[in-house]
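Here are some friendly notes to read alongside the model. Please keep the structure open as you go through them.

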Amino acid sequence: MTRAITSTLLSPEAGGPVKRTVLPSGLRVLSQSVPGFRSVTFGVWVGVGSRDEPEQLAGATHFLEHLLFKGTERRDALEISASIDAVGGEMNAFTGKEYTCYYARVLDTDLPLAVDVICDMITSATLTSTDVESERDVIDEEIAMHADETSDHIHDLFAEQLWGRSPLGRSITGTPESVAGLSRQQVVGWYRRRYKPSNIVVSVAGNVDHADVVRLVRKAFERHWVTAEDSPAPVRAAAARRVPTYGGVRVHHRDVEQAHLVMGMPGLVRSDERRYVAGVLHGIVGGGMSSRLFQEVREKRGLAYSVFTFGSAYADAGMVGVYAGCLPKKAPEVLDVIRAELESIANGNITAEELLRGKGQMRGSVVMGLEDTGAKMTRIAKAELVYGELPTVDELLHRIDAVTLDDVTALATELYAATPALTVMGPFDEDTTAFSL
């Protein structure tokens, strides 16, 4: 490839068309102009997440995300943060299981600054020994803080129970032991192998012109990366086979005032066309205040303050589950009600009214979730990096509308018939007999 190739992806919803350019290096640039906005959200998405790490590098992707803010050849940590703060912008990053994202939201006139700062971080991080050691302590604090947030931490414990010690089952942050074992050489090697232009998507939404975005990005990146031959794309070996899952019960003792329960089972993979059916099912079972579980567990019985369903989908695995937080003495009864409701739904006990509410909830979530530049930036980046398609909002709404009662019942029967896993956290002995499935 010797020249940039630009195309337009039709997108007739609010905002202009999504445009895509592939640079000679293989780096992909997508933008969507949003008339009437004076802000821009600029994101750089790298196709590497915690699931790509071998066990000896557990936590390296998240560690690297932290380190890129510590300094480059042109800026130290203060200059990185101060440059965006000085124009009233905001900048952050996050690591997922299958990607990492760095982003900034600024005024449209400050887009050149945002591009320069974030691309400088991506291409020219110094990753010094001093920064590695100081940030190791910061990550240890983050891990400890997350463990104290029991309603969040239990989801990590559930993923580990469902998927074992596979890469998907491990925490994104790693453990204090794995972080302590990471050397600077290992982190630098991970950076050089994974941060390749052919593995990166730049995504921008707001008051922008695509040609200007491409020019800025090209200038920022091509000091370092010129042709695709210089940087072959890494391969995600983990997606080559289905991830094994495990059931059973695990109880984690914590001296806390509230018990936390997560019960779940394997879900759909990301590419499954039934993901729209799954979204409607989520709304029916536990996606809102009118959902079956909220009504049965909280409104009718007063057993728990919080109860909801959740789901995650990856290239070759997925999960669906239910979370509840309640008084410890009520935990067994809460579990009984959840199991009874899932069984009832799996047996076809879903009404036409519930179907309409589930579809309406999903429709609203799709449309209202795209009403800021950050959400639009995320949508077009994931379409390119994760899903491989960019349906219009109207197409998404059509797919939701096409879901039938038979579709939802069939999927509920399939999902809820699987062997479940149950993770319990609270002031209990680590004896599973009180929480049998």
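The points below cover the basis of the model, its cores, one helix and two cysteines.

1. This is a predicted model, in which local features need pLDDT of at least 70 and side-chain atom pairs count only at pLDDT 80 or more, while totals for chains, interfaces and linings use all residues. Residues are numbered from 1 along each chain as its sequence is written, and side-chain values use heavy atoms, without hydrogens or water.

2. The largest nonpolar core (buried Ala, Val, Leu, Ile, Met, Phe, Trp, Tyr and Cys residues joined through side-chain atoms within 4.5 Å) has 50 residues, and F42, L68 and V217 touch the most other members. Helix α3 (residues 111-124; helices are DSSP runs of H or I, at least four residues) gives this core its largest share, eight residues. A second, separate core holds 46 residues, including L303 and A412.

3. Helix α8 (residues 210-221) has 12 residues, so at 1.5 Å a residue it should span 16 Å, and its end C-alpha atoms are indeed 16 Å apart (the expected span is 1.5 Å times one less than the number of residues). Among its buried residues (under 20% relative accessible area, 1.4 Å probe, protein chains only) are V213, L216, V217 and F221. On the other side, A211 and K219 are exposed (over 50%).

4. You will find zero disulfides here (cysteine sulfur pairs within 2.5 Å). The sulfur of C101 is 12 Å from the closest cysteine sulfur, that of C119, which is too far for a bond. C101 is buried at 1% relative accessibility, and C119 is buried at 0%.

Terms used: Helix = DSSP H or I, 4+ residues; strand = E, 2+ residues; numbered from the N terminus.
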